[in-house]
Amino acid sequence: ITGAMALHNIPEGLAVALVLVPRGESRAAATAWAIISSLPQPLVAVPAYMCVELVTWLLPLGLGCAAGTMLWMVFAELMPDGAFPCHVGAYIAARVVLIDSDYME
């Protein structure tokens, strides 16, 4: 998990730095701000874990809400943008059928 978090922080740091450099910040300052923007993650990891351990019975609800939010974003935002020439409702229905057929095999 630590390795995945470290890999995830690279594009986040680049996003911070790539905005600052064209605005006149030095590379050293942009690098420092990129590092500083990632510091709260390891500092809050242990307290967050402890809080989750206190309410493990709520974890399925929280994960279900997160999954529903991701599905909403895919079907309401990403897929319509990718299917510009066709009707959005037909495209979403076709994708649901295709997703279901993948799981039926």
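Biologist: At which residue does helix α3 bend by about 35 degrees?
Modeller: The model is predicted, and local features need pLDDT of at least 70, side-chain atom pairs pLDDT 80 or more, whereas totals for chains, interfaces and linings use all residues. Residues are numbered from 1 along each chain as its sequence is written, and side-chain values use heavy atoms, leaving out hydrogens and water. A bend is the angle between axes fitted to the seven residues ending at a position and the seven starting there. In α3 (helices being DSSP runs of H or I, at least four residues, numbered from the N terminus), Pro 47 follows within four residues of the bend at Val 46.

Biologist: How far apart are the end C-alpha atoms of α3?
Modeller: The expected span is 1.5 Å times one less than the number of residues. The 15 residues of α3 should therefore span 21 Å, and this agrees with the distance between the end C-alpha atoms, 21 Å.

Biologist: Is α2 roughly parallel or antiparallel to α3?
Modeller: Axes are lines fitted to C-alpha atoms over the stretch in contact, with angles from 0 to 180 degrees between N-to-C directions. Helix α2 (residues 27-38) and α3 (residues 40-54) pack at about 5 degrees, their axes 5 Å apart. Angles under 35 degrees count as roughly parallel, over 145 as roughly antiparallel, 65 to 115 as roughly perpendicular and the rest as oblique. Helix α2 is therefore, relative to α3, roughly parallel.

Biologist: Which residues of α3 does α2 meet?
Modeller: Contact means heavy atoms within 4.5 Å. Ile 36, Ser 37 and Ser 38 of α2 meet Pro 40, Gln 41 and Pro 42.

Methods
Helices (H or I, at least four residues) and strands (E, at least two) are DSSP runs, numbered from the N terminus.
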